[in-house]
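Here is a short briefing on one protein chain. Keep the sequence and the 3D view open while you read.

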Amino acid sequence: MASTIVEIPREVLETFSNSDHYHNSFLLRPDEGLEHALEHSAENRLPDISVAASQGKFLKLMTLAIGAKRVLEVGTLGGYSTIWMGQGLPEDGELITLEISEVNAKIARENLARAGIRNARVLVGDANETLASLPTEEPFDLVFIDADKEGYPNYFLEAKRLVRRHGVIIVDNVVRSGRVADENFARGCRKCGAVRTLLKMLKEDKEVEATTIATTNTKGYDGFLYAIKL
(Lines give C-alpha, C1' and ligand atoms only; values in the text may rest on other atoms or scores of the structure.)
Protein backbone atom coordinates (compact mmCIF):
# COMPACT_ATOMS: atom_id res chain seq x y z
CA MET A 1 0.00 0.00 0.00
CA ALA A 2 1.33 3.42 -0.91
CA SER A 3 1.96 6.10 1.69
CA THR A 4 -1.05 8.25 2.54
CA ILE A 5 1.09 11.21 3.58
CA VAL A 6 0.46 14.44 1.69
CA GLU A 7 2.21 17.77 2.08
CA ILE A 8 0.29 20.25 4.20
CA PRO A 9 -0.64 23.24 2.00
CA ARG A 10 1.23 26.46 2.72
CA GLU A 11 -2.05 28.25 3.45
CA VAL A 12 -2.87 25.71 6.18
CA LEU A 13 0.56 26.08 7.76
CA GLU A 14 0.09 29.85 7.73
CA THR A 15 -3.24 29.39 9.52
CA PHE A 16 -1.50 27.32 12.21
CA SER A 17 1.16 29.99 12.62
CA ASN A 18 -1.27 32.93 12.62
CA SER A 19 -3.45 31.28 15.25
CA ASP A 20 -0.41 30.57 17.43
CA HIS A 21 0.78 34.18 17.14
CA TYR A 22 -2.71 35.47 17.98
CA HIS A 23 -3.01 33.48 21.19
CA ASN A 24 0.59 34.23 22.15
CA SER A 25 -0.10 37.96 21.82
CA PHE A 26 -2.41 37.64 24.83
CA LEU A 27 -0.77 34.87 26.83
CA LEU A 28 3.01 35.36 26.48
CA ARG A 29 4.76 38.35 28.00
CA PRO A 30 7.89 39.83 26.39
CA ASP A 31 10.99 38.16 27.78
CA GLU A 32 14.42 39.49 26.89
CA GLY A 33 16.20 36.35 28.04
CA LEU A 34 14.15 34.05 25.86
CA GLU A 35 14.33 36.37 22.86
CA HIS A 36 18.10 36.66 23.24
CA ALA A 37 18.42 32.88 23.44
CA LEU A 38 16.76 32.48 20.05
CA GLU A 39 18.79 35.31 18.50
CA HIS A 40 22.10 34.16 19.96
CA SER A 41 21.46 30.57 18.86
CA ALA A 42 20.61 31.71 15.33
CA GLU A 43 23.72 33.91 15.18
CA ASN A 44 25.79 30.85 16.02
CA ARG A 45 24.01 28.81 13.34
CA LEU A 46 22.26 26.38 15.63
CA PRO A 47 19.34 24.70 13.83
CA ASP A 48 15.93 26.30 14.31
CA ILE A 49 14.43 23.29 16.08
CA SER A 50 13.69 24.64 19.55
CA VAL A 51 10.17 24.21 20.89
CA ALA A 52 7.56 26.76 19.88
CA ALA A 53 7.07 29.57 22.39
CA SER A 54 3.60 28.29 23.28
CA GLN A 55 5.02 24.85 24.08
CA GLY A 56 7.81 26.44 26.08
CA LYS A 57 5.16 28.21 28.14
CA PHE A 58 3.39 24.88 28.60
CA LEU A 59 6.62 23.36 29.97
CA LYS A 60 6.93 26.25 32.43
CA LEU A 61 3.31 25.84 33.51
CA MET A 62 3.77 22.09 33.92
CA THR A 63 6.85 22.67 36.06
CA LEU A 64 4.84 25.03 38.26
CA ALA A 65 1.69 22.88 38.33
CA ILE A 66 3.40 19.77 39.71
CA GLY A 67 5.59 21.77 42.09
CA ALA A 68 8.73 20.39 40.45
CA LYS A 69 12.03 20.89 42.25
CA ARG A 70 14.15 18.62 40.05
CA VAL A 71 13.89 18.60 36.26
CA LEU A 72 15.83 16.56 33.72
CA GLU A 73 16.09 17.53 30.06
CA VAL A 74 17.52 15.33 27.32
CA GLY A 75 18.63 17.59 24.46
CA THR A 76 19.72 21.12 25.35
CA LEU A 77 20.52 22.72 21.98
CA GLY A 78 20.66 26.47 22.80
CA GLY A 79 18.85 26.18 26.10
CA TYR A 80 15.56 27.77 25.00
CA SER A 81 13.30 25.13 26.55
CA THR A 82 15.73 24.94 29.48
CA ILE A 83 15.05 28.60 30.24
CA TRP A 84 11.29 28.07 30.14
CA MET A 85 11.44 25.19 32.63
CA GLY A 86 14.03 26.96 34.75
CA GLN A 87 11.59 29.85 35.14
CA GLY A 88 9.11 27.43 36.70
CA LEU A 89 11.51 26.12 39.32
CA PRO A 90 11.87 27.51 42.85
CA GLU A 91 15.16 29.10 43.87
CA ASP A 92 16.32 25.86 45.48
CA GLY A 93 15.29 23.79 42.46
CA GLU A 94 17.67 22.00 40.10
CA LEU A 95 17.60 21.42 36.36
CA ILE A 96 20.01 19.04 34.67
CA THR A 97 20.13 19.18 30.88
CA LEU A 98 22.07 16.81 28.62
CA GLU A 99 23.80 17.87 25.39
CA ILE A 100 26.14 15.92 23.14
CA SER A 101 27.77 18.97 21.53
CA GLU A 102 30.26 21.10 23.45
CA VAL A 103 29.58 23.94 21.00
CA ASN A 104 25.85 23.84 21.71
CA ALA A 105 26.50 23.54 25.43
CA LYS A 106 28.66 26.68 25.43
CA ILE A 107 25.93 28.68 23.69
CA ALA A 108 23.30 27.25 26.02
CA ARG A 109 25.30 28.25 29.10
CA GLU A 110 25.63 31.77 27.72
CA ASN A 111 21.89 31.91 27.07
CA LEU A 112 21.05 30.58 30.52
CA ALA A 113 23.30 33.13 32.18
CA ARG A 114 21.78 35.97 30.18
CA ALA A 115 18.29 34.81 31.16
CA GLY A 116 19.23 34.64 34.83
CA ILE A 117 18.77 30.88 35.15
CA ARG A 118 21.32 29.86 37.79
CA ASN A 119 19.93 26.52 38.88
CA ALA A 120 20.64 24.66 35.61
CA ARG A 121 23.62 22.44 34.81
CA VAL A 122 24.54 21.46 31.27
CA LEU A 123 26.20 18.02 31.11
CA VAL A 124 28.07 17.26 27.90
CA GLY A 125 28.37 13.74 26.55
CA ASP A 126 26.45 10.83 25.09
CA ALA A 127 22.99 10.96 26.61
CA ASN A 128 22.74 7.19 27.03
CA GLU A 129 25.93 7.13 29.06
CA THR A 130 25.05 10.19 31.11
CA LEU A 131 21.56 8.91 31.87
CA ALA A 132 22.93 5.53 32.97
CA SER A 133 25.28 7.31 35.38
CA LEU A 134 22.54 9.28 37.14
CA PRO A 135 21.43 7.83 40.49
CA THR A 136 17.83 7.18 41.53
CA GLU A 137 18.23 8.34 45.14
CA GLU A 138 17.03 11.85 44.23
CA PRO A 139 14.33 11.25 41.62
CA PHE A 140 13.24 13.90 39.16
CA ASP A 141 9.76 15.37 39.10
CA LEU A 142 9.71 16.13 35.38
CA VAL A 143 11.70 14.80 32.41
CA PHE A 144 11.58 16.47 29.00
CA ILE A 145 13.00 14.50 26.07
CA ASP A 146 13.76 16.40 22.87
CA ALA A 147 16.92 14.94 21.36
CA ASP A 148 17.87 12.53 18.57
CA LYS A 149 14.74 10.56 17.85
CA GLU A 150 16.52 7.26 17.33
CA GLY A 151 17.42 7.33 21.02
CA TYR A 152 13.85 7.85 22.23
CA PRO A 153 13.10 4.26 23.34
CA ASN A 154 16.11 4.06 25.64
CA TYR A 155 15.79 7.67 26.78
CA PHE A 156 12.26 6.91 27.90
CA LEU A 157 13.32 3.80 29.80
CA GLU A 158 15.99 5.79 31.61
CA ALA A 159 13.54 8.61 32.29
CA LYS A 160 11.12 6.14 33.84
CA ARG A 161 13.90 4.84 36.06
CA LEU A 162 14.87 8.34 37.19
CA VAL A 163 11.48 10.01 37.66
CA ARG A 164 9.48 9.83 40.90
CA ARG A 165 6.16 8.07 41.30
CA HIS A 166 3.51 10.20 39.56
CA GLY A 167 6.31 12.20 37.95
CA VAL A 168 5.84 13.46 34.41
CA ILE A 169 7.73 12.47 31.24
CA ILE A 170 7.21 14.56 28.09
CA VAL A 171 8.60 13.38 24.76
CA ASP A 172 8.58 15.90 21.91
CA ASN A 173 8.09 15.46 18.15
CA VAL A 174 6.12 12.22 18.16
CA VAL A 175 3.55 13.10 15.46
CA ARG A 176 5.81 14.58 12.77
CA SER A 177 3.06 15.87 10.46
CA GLY A 178 1.27 12.53 10.74
CA ARG A 179 4.22 10.62 9.30
CA VAL A 180 4.66 8.42 12.38
CA ALA A 181 1.20 6.91 11.82
CA ASP A 182 1.97 5.99 8.20
CA GLU A 183 3.54 2.52 8.23
CA ASN A 184 4.84 2.70 4.68
CA PHE A 185 6.45 6.09 5.18
CA ALA A 186 7.88 5.06 8.55
CA ARG A 187 9.75 2.13 7.00
CA GLY A 188 12.12 4.58 5.36
CA CYS A 189 12.26 7.04 8.26
CA ARG A 190 14.43 6.05 11.23
CA LYS A 191 13.03 8.90 13.35
CA CYS A 192 9.46 7.77 12.75
CA GLY A 193 10.45 4.16 13.31
CA ALA A 194 11.96 5.00 16.70
CA VAL A 195 8.77 6.78 17.80
CA ARG A 196 6.70 3.80 16.65
CA THR A 197 8.97 1.52 18.71
CA LEU A 198 8.39 3.73 21.73
CA LEU A 199 4.63 3.62 21.24
CA LYS A 200 4.71 -0.19 21.00
CA MET A 201 6.72 -0.30 24.23
CA LEU A 202 4.18 1.89 26.00
CA LYS A 203 1.30 -0.29 24.88
CA GLU A 204 2.71 -3.11 27.01
CA ASP A 205 4.09 -0.95 29.84
CA LYS A 206 2.01 -1.26 33.01
CA GLU A 207 4.20 1.21 34.93
CA VAL A 208 3.05 4.34 33.07
CA GLU A 209 -0.07 5.97 31.70
CA ALA A 210 0.43 8.06 28.57
CA THR A 211 -1.26 9.96 25.79
CA THR A 212 -0.20 11.87 22.69
CA ILE A 213 -1.22 15.51 22.33
CA ALA A 214 -1.07 16.81 18.77
CA THR A 215 -0.03 20.43 18.25
CA THR A 216 -0.35 22.99 15.47
CA ASN A 217 1.67 26.16 15.88
CA THR A 218 4.51 28.16 14.33
CA LYS A 219 6.42 24.90 13.96
CA GLY A 220 3.67 23.24 11.91
CA TYR A 221 1.86 20.00 12.76
CA ASP A 222 3.48 17.80 15.39
CA GLY A 223 2.81 16.69 18.94
CA PHE A 224 4.25 15.42 22.18
CA LEU A 225 3.79 12.36 24.34
CA TYR A 226 2.70 12.98 27.93
CA ALA A 227 3.32 10.16 30.41
CA ILE A 228 2.98 9.71 34.16
CA LYS A 229 4.83 7.05 36.12
CA LEU A 230 2.41 5.03 38.24
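**Helix across the sheet**

Helix α9, residues 190-204, lies across three strands: β5 (163-172), β6 and β7. The helix runs at about 145° to β6. This is a predicted model. The points below cover the sheet, the whole chain and one aspartate, Asp 146.

**The sheet**

- The sheet is open and has seven strands.
- Read across, the strand order is β3-β2-β1-β4-β5-β7-β6.
- The pairing is mixed.
- Two strands sit at the edges: β3, residues 120-124, and β6, residues 208-217. Each of these pairs on one side only.
- From one strand to the next, the twist averages 15°.
- In general, the strands of a sheet pair through backbone hydrogen bonds, in a parallel or an antiparallel way.

**The β6 and β7 pair**

- Edge strand β6 pairs with β7, which covers residues 220-229.
- The two strands are antiparallel, and 10 bridges link them.
- Which residue of β7 is the bridge partner of Thr 215? The partner is Asp 222.
- Helix α9 lies across both of these strands, as well as across β5.

**The whole chain**

- The chain holds nine helices and seven strands.
- Its radius of gyration is 17 Å, close to the 17 Å that the globule rule gives for 230 residues, so the chain is as compact as a globular protein of that length.
- The C-alpha trace spans about 55 × 40 × 30 Å along its principal axes.
- Of the 230 residues, 48% count as buried.
- Take the contacts in the chain with a separation of 6 or more: 71% of them are between residues 24 or more positions apart.
- The chain exposes about 12,000 Å², and carbon and sulfur atoms supply 53% of that area.

**Asp 146**

- Asp 146 is in the loop between strand β4 (140-145) and helix α7 (152-162).
- Is Asp 146 buried or exposed? Its relative accessible area is 13%, under the 20% cut-off, so Asp 146 counts as buried.
- The side chain of Asp 146 makes a polar contact of 3.2 Å with the side chain of Lys 149.
- What does Asp 146 touch, leaving aside residues up to four places away in sequence? The list is Ile 49, Val 51, Val 74, Gly 75, Tyr 152, Asp 172 and Asn 173.

How values were computed: Residues are numbered from 1 along each chain as its sequence is written. This is a predicted model: local features need pLDDT of at least 70, side-chain atom pairs count only at pLDDT 80 or more; totals for chains, interfaces and linings use all residues. Side-chain values use heavy atoms; hydrogens and water are left out. Two strands pair if DSSP finds at least two bridges between them. Helices (H or I, at least four residues) and strands (E, at least two) are DSSP runs, numbered from the N terminus. Axes are lines fitted to C-alpha atoms, for helices over the stretch in contact, and angles run from 0 to 180 degrees between N-to-C directions. Contact means heavy atoms within 4.5 Å. The radius of gyration is taken over C-alpha atoms; the globule rule is 2.2 Å times the number of residues to the power 0.38. Buried means under 20% relative accessible area, exposed over 50%, partly exposed in between (1.4 Å probe, protein chains only). Accessible areas come from the Shrake-Rupley method with a 1.4 Å probe; for residues, only the protein chains shown count as cover. A polar contact is a pair of N or O atoms within 3.5 Å; within protein, one must be able to donate a hydrogen and the other to accept it, and residues adjacent in sequence count only if both atoms are side-chain atoms.
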